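Hi everyone, thanks for making the time today. I'd like to walk you through one structure, so please have a look at it while I talk.

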Amino acid sequence: MDLFYIILLVFFGLLFLVAELVLLPGVSIGAILSLVCYGGSIYLAFRDFGTAAGVAVIVVILLLSVAAVVVSLRAKTWQRFSLRQEIRSSSSVLPAEELRVGQRGVTLSRLSPMGKVEIDGKVYEAKSTGAYVDPRQEIEVVGFENFSVIVKTFK
């Protein structure tokens, strides 16, 4: 009956190891449970059957663990969890590449201090240098900050 418990603990240790590799990557409950099962089986083997049996159980555990890791990684189990979609989009063009300082346009929304402006038929996110700017006011580009255009009212 003691041999049954040793084999059972080794089996559950392998089960938890594979679960850790495939389902729960990282050091988590699966790895801890696997180590506890392996440790318990090694302890029972040394206690009940002596040194030779304990060493044999260690060797069997190591061989089965290596085989389980290799089979788990080669079985393409990771492909079930991986992203297969290809991303073909790109971020928008920086306004500094399309505009130049001094260009003029019109506010589409209130700049308080951020809002939308239209310059040469294109809409941009803009930031006012001063106070609030009402819609439909003429503005002038004075600079750029990341994806925003810095503008001031045109007078």
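I'll begin with the overall layout, then spend most of my time on one helix, and finish with a surface patch.

One thing to keep in mind: this is a predicted model.

So, the layout. The protein has 5 helices and 5 strands. If you follow the chain from the N terminus, the order reads α-α-α-α-α-β-β-β-β-β. There are 155 residues, and 27% of them are buried. The accessible surface is about 10,500 Å², with carbon and sulfur atoms accounting for 63% of that. On contacts, take the ones between residues at least 6 apart in sequence: 47% of those join residues at least 24 apart.

Now to helix 2, which covers residues 29-49. How does its span compare with what 1.5 Å a residue should give? The 21 residues should span 30 Å, and the end C-alpha atoms are indeed 30 Å apart, so the two agree.

Which residues of helix 2 are buried? They are Gly-30, Ser-34, Cys-37, Tyr-38, Ser-41, Leu-44 and Ala-45. Around the helix axis they take up an arc of only 130 degrees, which means that they sit on the same side of helix 2. The spacing has a familiar background: an α-helix has 3.6 residues a turn, so residues three or four places apart point the same way.

Turn to the other side of helix 2 and you find Ile-29, Leu-35, Val-36 and Tyr-43, which are exposed. And what covers the buried residues? Helix 1 and helix 3 are among the elements that do. Right after helix 2 comes Gly-50, with a positive phi of about 100 degrees.

Let's stay with those two neighbours for a moment. Helix 3 runs over residues 51-74 and includes Ala-67. Is Ala-67 buried, exposed or partly exposed? Its relative accessible area is 38%, so Ala-67 counts as partly exposed. The C-alpha atom of Ala-67 is 9.9 Å from that of Leu-14, although the two residues are 53 apart along the chain.

Last stop, the surface patch. Met-1, Phe-4, Tyr-5, Leu-8, Phe-11, Phe-12 and Leu-15 together make a nonpolar patch of about 710 Å². One of them, Phe-12, belongs to helix 1, residues 2-22. With a relative accessibility of 33%, Phe-12 is classed as partly exposed.

That's my tour, and I'm happy to go back to any part of it.

Note on methods: Residues numbered from 1 in each chain as written. Predicted model: local features only at pLDDT ≥ 70, side-chain atom pairs only at ≥ 80, totals over all residues. Heavy atoms only, no water. Helix = DSSP H or I, 4+ residues; strand = E, 2+ residues; numbered from the N terminus. Buried < 20%, exposed > 50% of the residue type's maximum accessible area, 1.4 Å probe, protein only. Contact = heavy atoms within 4.5 Å. Areas by Shrake-Rupley, 256 points an atom, 1.4 Å probe, with all protein chains shown as cover. Patch = residues over 30% accessible without salt bridge, like charges linked within 9 Å, V, L, I, M, F, W, Y side chains within 5 Å. Salt bridge = Lys/Arg side-chain N within 4 Å of Asp/Glu carboxyl O. Expected span 1.5 Å × (residues − 1). Arc of directions from axis to C-beta.
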